[in-house]
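This text walks through a structure one region at a time. Please keep the sequence and the 3D view open while reading.

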Amino acid sequence: MRLSTPAVLVTATALLLSACGTTENTGNTTAAPSDTAAASGPVTVTDSRGKAVNLKAPAKRVVALEWGEAEMVASLGVMPVGAADVAGYNVWDKAAPLTAEVKDVGKRNEPSVDAIVGLNPDVVIMAEERDSTLVPQIEKYVPVVVTKSSDASRNFDRLREDFKLIAKTVGKESEADKQLSEMDAKLAEGKKAVEAKGAAGTPFLMADGYLEGSTVSIRPFGKGSLVSDTAEAVGLKNAWTGKVDPQWGLGQTDVEGLTALTDPKTVLFYSASEEDVFTTGLAQNAVYQRLPFVVSKKIHKLEAGTWTFGGPKSIIMTADQIVKAVTT
């Protein structure tokens, strides 16, 4: 089975291969004063298209069509009324769990407009790459806010912008500022711990993988990917120098391609919330067994549900695991 990815990665990966409900979160019952003040009255946000989206009030009924955006909405204390591929989200993103009341509106790359409109949402939040055909269909019935979703040239700045855009849309700007401050503090704390352990500059490979027939394909996260930025923020250094795409910072290789990594200090981090090809598909692979991080047993599987394309909560979840791996 192929691993789950943001739906907008399908086109990007193909190009790369050719080149090489309404329920509030009860854990956030006290709104900050400015959020309370913003809980009524019109809201205007300018989304990633540069389009001004006007709402009569901060959105309370939200449909999110990408997992990172669904996570951000839920983490702000506004449980979406609908999301794309809820079952998949519950496997791949545990940073901000969705309740059983959240309705599934179809696949992330092909949601049902009828299902979305049937939920009577105040707004639909979706990733930029889908706006070519889907946005006009939905906007006939519901306002749409489009996020950037990823930018390998400035992913942390992009994350802040997307998160603040979503927060303003749902009237939770103070909560967003709080979470971003918590994220920054966690990264700074992690960097100090890494430096104190003498592990600053540790080379790492971050990757995921999937089976295509009997062949294991590996997808390295290069510089500029969100998880790479997270690891480098706590003091590690990305060892992958192969080609990556400009939006997601993702590359494509096979086991032989990993032989370019020769530093014995290299640590492998990998994501596998479903099928673990690094354990099963590569268990008997002689080339893989000779790689430096396999020989030194410096391999760390991210916890199931660590979403590598998420919001501040996912960044914190990822940073904790990376720091623990190189300091204990």
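In this predicted model, the axes of α8 and helix α12, which covers residues 312–327, come within 10 Å and cross at roughly 10 degrees. An angle under 35 degrees counts as roughly parallel, and α8 and α12 are therefore roughly parallel to each other. On the α8 side the residues that meet α12 are Gln 179, Leu 180, Glu 182, Met 183, Lys 186, Leu 187, Gly 190, Ala 193 and Val 194. On the α12 side they are Pro 312, Lys 313, Ile 315, Ile 316, Ala 319, Asp 320, Val 323, Val 326 and Thr 327. By type, the residues of this contact are eleven nonpolar, three polar and four charged.

Helix α8 itself runs over residues 173–196 and has 24 residues. From its first C-alpha to its last it reaches 35 Å, close to the 34 Å expected at 1.5 Å a residue. The buried residues in α8 are Glu 175, Ala 176, Gln 179, Leu 180, Met 183, Leu 187, Gly 190 and Val 194. An α-helix has 3.6 residues a turn, so residues three or four places apart point the same way. Among the buried residues of α8, Gln 179, Leu 180, Met 183, Leu 187, Gly 190 and Val 194 also belong to the contact with α12. After α8 comes Gly 198, with a positive phi near 75 degrees.

Just before α12 in the chain is a loop that starts from β14 (299–301), and Thr 308 has its place there. Is Thr 308 buried or exposed? With a relative accessible area of 4%, Thr 308 is buried. Setting aside neighbours within four places in sequence, Thr 308 is in contact with Phe 221, Leu 226, Val 227, Ser 271 and Leu 302. Of these partners, Leu 226 is 82 residues from Thr 308 in sequence, while their C-alpha atoms are 6.9 Å apart in space.

Leu 226 leads to a second pair of helices, as Leu 226 is one of the residues of α9 that meet α7. Helix α7 (residues 155–170) and helix α9 (residues 226–233) pack at an angle of about 110 degrees, and their axes are 9 Å apart. Angles of 65 to 115 degrees count as roughly perpendicular, and α7 and α9 are therefore roughly perpendicular to each other. From α7, Asn 155, Phe 156, Arg 158 and Leu 159 take part, and they meet Leu 226, Asp 229, Thr 230 and Ala 233 of α9. Four of the residues in this contact are nonpolar, two are polar and two are charged.

Helix α7 has 16 residues and reaches 22 Å from its first C-alpha to its last, close to the 22 Å expected at 1.5 Å a residue. Its buried residues include Asn 155, Phe 156, Arg 158 and Leu 159, which are the α7 residues that meet α9. Asp 162, Phe 163, Leu 165 and Ile 166 are also among the buried residues of α7. Gly 171 follows α7, and its phi is positive, near 70 degrees.

On the other side of α7 in sequence, the loop between β9 (144–147) and α7 holds Ser 149. At 8% relative accessibility, Ser 149 counts as buried. Its phi is near 80 degrees, a positive value in a residue other than glycine. Not counting residues up to four places away in sequence, Ser 149 touches Glu 69, Ala 127, Arg 158, Asp 162 and Trp 248.

The loop between β1 (43–46) and β2 (52–55) contains Ser 48 and Asp 47. At 5% relative accessibility, Asp 47 counts as buried, whereas Ser 48, at 27%, counts as partly exposed. The side chain of Asp 47 reaches the backbone nitrogen of Val 146 at 3.0 Å, and that of Ser 48 reaches the backbone oxygen of Thr 147 at 3.4 Å. Apart from residues up to four places away in sequence, Asp 47 touches Val 53, Val 144, Val 145, Val 146 and Leu 165. With neighbours within four places left aside, Ser 48 is in contact with Glu 128, Val 146, Thr 147 and Lys 148. The C-alpha atoms of Ser 48 and Asp 162 are separated by 8.3 Å, although the two residues are 114 residues apart along the chain.

Definitions and conventions: Residues are numbered from 1 along each chain as its sequence is written. Side-chain values use heavy atoms; hydrogens and water are left out. Axes are lines fitted to C-alpha atoms, for helices over the stretch in contact, and angles run from 0 to 180 degrees between N-to-C directions. Helices (H or I, at least four residues) and strands (E, at least two) are DSSP runs, numbered from the N terminus. Angles under 35 degrees count as roughly parallel, over 145 as roughly antiparallel, 65 to 115 as roughly perpendicular and the rest as oblique. Contact means heavy atoms within 4.5 Å. Ala, Val, Leu, Ile, Met, Phe, Trp, Tyr, Cys and Pro count as nonpolar, Asp, Glu, Lys and Arg as charged, and the others, Gly among them, as polar. Buried means under 20% relative accessible area, exposed over 50%, partly exposed in between (1.4 Å probe, protein chains only). A polar contact is a pair of N or O atoms within 3.5 Å; within protein, one must be able to donate a hydrogen and the other to accept it, and residues adjacent in sequence count only if both atoms are side-chain atoms. The expected span of a helix is 1.5 Å times one less than its number of residues.
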